[in-house]
Amino acid sequence: MSKLNAKPVVQSMTDYTELRELNPDALIPIGFDKAYMGHAEREGLAVAVFDCDKCLELLQQDGMSYEEAQEFFDVNVIGAYLGKHTPLFLWRKAPDEGS
């Protein structure tokens with residue numbers, strides 16, 4: 001399952017080079033490379049940003065139901081604040097939700 005790891009082994013084509021140059025200590029959750037959107041700034045440090053919907057999709061591809069994925073994600077990913085290097089997770093607004 002996906003976990004946060006301070007020094008991850010990147011085993012995909014996702015390019016974290018710019019993030020690593022800005023903040024070598026940025027945490028990257030293992031297993032969510034395809035949900036990586038880029039980086040944002042928190043407390044003056046660059047942190048990784050991931051798409052929540054894509055993270056849930058990836059958990060379901062690992063065999064979880066939507067409900068299991070949602071619970072796992074809420075408790076073990078979003079709920080795992082590990083300090084200032086913890087990534088951000090973005091819920092995208094649907095196109096018809098206001099202007």
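Lys 54 comes out as partly exposed, at 24% relative accessibility; the class sits between buried (under 20% relative accessible area) and exposed (over 50%), with a 1.4 Å probe and protein chains only. Its salt-bridge partner is Glu 57, with the closest N and O atoms 2.8 Å apart. A salt bridge here is a side-chain nitrogen of Lys or Arg within 4 Å of a carboxyl oxygen of Asp or Glu. Glu 57 is partly exposed too, with a relative accessible area of 35%. Since Glu 57 and Lys 54 are three residues apart in helix H2, about one helical turn separates them.

Some ground rules before going on. The model is a predicted one, in which local features need pLDDT of at least 70 and side-chain atom pairs count only at pLDDT 80 or more, while totals for chains, interfaces and linings use all residues. Residues are numbered from 1 along each chain as its sequence is written, and side-chain values use heavy atoms, leaving out hydrogens and water.

Two salt bridges turn up by the rule above. Besides the pair in H2, the side chains of Arg 92 and Asp 51 meet at 2.5 Å, N to O. Arg 92 belongs to the segment after S5 and Asp 51 to strand S4, so this pair ties together parts that are 41 residues apart in sequence. Asp 51 is buried, its relative accessible area being 10%.

On the whole-chain level, the protein has three helices and five strands. These are DSSP runs numbered from the N terminus (helices H or I, at least four residues; strands E, at least two). Read from the N terminus, the elements go β-α-β-β-β-α-α-β. Of the 99 residues, 38% are buried. The accessible surface comes to about 6200 Å², with 51% of it on carbon and sulfur atoms; these areas are from the Shrake-Rupley method with a 1.4 Å probe. Looking at contacts with a separation of 6 or more, 49% involve residues 24 or more positions apart, where contact means heavy atoms within 4.5 Å.

Now for the sheet. Three strands make an open sheet in the order S3-S4-S5, with mixed pairing; two strands pair if DSSP finds at least two bridges between them. S3 (36–42) and S5 (88–90) are the edge strands, each with a single partner strand, so one side of each has no neighbour in the sheet. Neighbouring strands are turned by 35° against each other on average, direction ignored. S3 and S4 pair antiparallel over six bridges, and Arg 42 has Leu 45 in S4 as its bridge partner. The two strands form a hairpin with two residues between them, and Glu 43 in the turn has a positive phi of about 50°. On the other pairing, S4 (residues 45–51) and S5 run parallel, joined by three bridges; Val 49 is matched there with Leu 88 in S5.

That leaves the helices around it. H2 (residues 52–61) lies across S4 and S5, at about 60° to S4; axes are lines fitted to C-alpha atoms, for helices over the stretch in contact, and angles run from 0 to 180 degrees between N-to-C directions. Helix H3 (residues 66–78) has a kink of about 25° centred on Phe 72, the bend being the angle between axes fitted to the seven residues ending at a residue and the seven starting there. Phe 72 is also one of the buried residues of H3, alongside Ala 69, Gln 70, Phe 73 and Val 77. This buried set packs against H2 and S5.
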